[in-house]
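User: Hi! I have a chain loaded in my viewer and would like to talk through its burial, packing and salt bridges. Could you take my questions one at a time?

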Amino acid sequence: MPYYLSLAFKNIFRQKKRSFTLGVNYFVVAILMLLLLSFSDGVKKNFSGNLISAAAGHLTLSGAVVTKGKTLIGVADYPTIVKVIEAEYPDATVLARYKLTSTVYYLGQSKSLSFQGIDTAKDTALKDQLSFVAGSWDDYVAQNNGVLISKDTADYLKLKLDDEVVISTRTRFGAFNTGTIRVKGIYESANYFVQGIVLCHFGFLQALDLNDKLSASSLFVYFKNTDGLEAKREHLLGALADAGYVTSKPASSSDAISVVAAATPQYKVEGADVNEYRLTIATVNEVIAILAQVLDAVNAAGGFLAGIMLFIIAISIFINMRMTINDRMQEIGTLRAIGTETKDIVLMLIFENVFLSLLFVLAGLATALLIIAFVSNVLSLPPAGILSLFLDQGHLVLIPTLGSLSLILAVAFVFTGLFSFFPARHGGKVRAAVALSKTY
């Protein structure tokens, strides 16, 4: 048997033109599939990484307080919740955020901005996401009403460092309140979830919203080890329920996004006369589920294109093998005459195509890896707008995994073997006398 496999390998390029034409198809399919799978894995990792570093935790909590049929959206008495979480997971980091949206008017320009208040003593991860054009993080920390704004916002509103702006916002009770912010830093960021936000102090936004010091918009929970995230969520749901909270999970990925995008706490009326503290806990996996659906659609489109190419390859395999068998009838007849079994001839013919496919697929994968290395490390794109969802420091994130490489090789092996079997079986069944009577 090893002799016939060796013979099959030597026969790969007996018909060089046919082999090369067929091999090019394998080469292109391998490149296409690895780039698609690497793009999908890269975007998921980059998206979740940027989201976690800026706008969500491994677990994100939002809440509401219901009193006599009126619901105040927001997390009340958040220090108690932090204590419960830290008691259950001592290695966890819990950060509180306060969010509100307000339109800013300045020098005849207006712009709706998202304000996000952080505890500057604990919540320092955002610092690494910012590249300062003017001012600094320390200047912002030192000024209670200091804010950091993006360069695009500063350019649009014609704001400069140390400019003061009076802002007005609709508070949690529906009344309006005003406050003065001072620009202490102008930044640029490659993180999509940071671009456009106005970074404020947690206490400043609480006071502006006329809220008490125990309230927050959301809590972000970070674990050193994210294995079993769903189980950790379930455990916290139970622990917080024991502490008197009405806990729940998002009903859908859209609800999970709403948890992360918790906005200004405000009253709304409920039909039932109930009194309770409510908490909803979303995992980061639920938040990126919609992205996963989009990427699945992209992969499906790419898979469809690859499927068309594989269909062309299947036809090419059939035609190529039938022509090869007709050209090699005397060789097949000689092998049959010296006692070679049908299965050995069939396997020899199949493995000629399998070796050919693996050779070109490996070449395609190697080329795709070179393309990925170039795109990921050399090609730089401006991290602006929606494009920055796919970028890390201006570079497109493509992550080729061992699983992706193995999958492509396995598909090539199985596909080629399957579509080579039927014409190979026809060649293997030809009787020696019939084969030797054929002439080239």
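Analyst: Happy to. One definition to begin with: a residue is buried under 20% relative accessible area, exposed over 50%, and partly exposed in between. Please keep in mind that this is a predicted model.

User: Which class does Glu164 fall into, buried, partly exposed or exposed?

Analyst: The relative accessibility of Glu164 is 41%. Buried ends at 20% and exposed starts over 50%, so Glu164 counts as partly exposed.

User: Which residue forms a salt bridge with Glu164, and where does that partner lie?

Analyst: The closest N and O atoms of the pair are 2.4 Å apart, and the partner is Arg182. Arg182 is itself partly exposed, at 22% relative accessible area. Glu164 belongs to strand 7, and 18 residues separate it from Arg182, so the bridge links distant parts of the chain. The partner you asked for is Arg182, in strand 8.

User: Lys184 forms a salt bridge with Asp162; how far apart in sequence are the parts this pair ties together?

Analyst: The closest N and O atoms of Lys184 and Asp162 are 2.7 Å apart. Lys184 lies in strand 8, while Asp162 sits in the loop between helix 5 and strand 7. Lys184 counts as buried at 13%, whereas Asp162 is partly exposed at 37%. The parts tied together are 22 residues apart in sequence.

User: What separates Lys151 and Asp155 in helix 5, in terms of helical turns?

Analyst: Their side chains meet in a salt bridge, with 2.9 Å from N to O. The two residues are four apart in helix 5 (residues 151-157), which means a separation of about one helical turn.

User: Where do the buried residues of helix 3 fall, seen down its axis?

Analyst: In helix 3 (residues 78-88), the buried residues are Tyr78, Ile81, Val82, Val84 and Ile85. Seen down the axis they fall within an arc of 160 degrees, so they line one face of the helix. The face turned away from that buried side carries the exposed residues Lys83 and Ala87. The arc you asked for is 160 degrees.

User: Which strand gives the most residues to the largest nonpolar core?

Analyst: That core has 71 residues, and Leu51, Leu61, Ile81, Phe115 and Leu219 touch the most other members. The top contribution is seven residues, and it comes from strand 3.

User: How many residues are in the other core that lies apart from it?

Analyst: Among its members are Ile31, Ala368, Val375 and Ala412. The size of this other core is 31 residues.

User: Is strand 9 largely enclosed or open, and in which sense does it pair with strand 4?

Analyst: Five of the five residues of strand 9 (residues 197-201) are buried, so the strand is largely enclosed by the rest of the structure. Within the pairing, Ser114 stands opposite Ile197 of strand 9. Strands 4 and 9 are joined over five bridges, and the sense is parallel.

User: Thr120 sits in a loop; which residues is it in contact with, beyond its neighbours within four places in sequence?

Analyst: The loop of Thr120 runs between strand 4 (109-118) and strand 5 (131-135). With a relative accessible area of 17%, Thr120 is buried. Its contacts beyond those neighbours are Tyr140, Val141 and His201.

Notes:
Residues numbered from 1 in each chain as written. Predicted model: local features only at pLDDT ≥ 70, side-chain atom pairs only at ≥ 80, totals over all residues. Heavy atoms only, no water. Buried < 20%, exposed > 50% of the residue type's maximum accessible area, 1.4 Å probe, protein only. Contact = heavy atoms within 4.5 Å. Pairing = 2+ DSSP bridges. Arc of directions from axis to C-beta. Core = buried A, V, L, I, M, F, W, Y, C linked by side-chain atoms within 4.5 Å. Salt bridge = Lys/Arg side-chain N within 4 Å of Asp/Glu carboxyl O.
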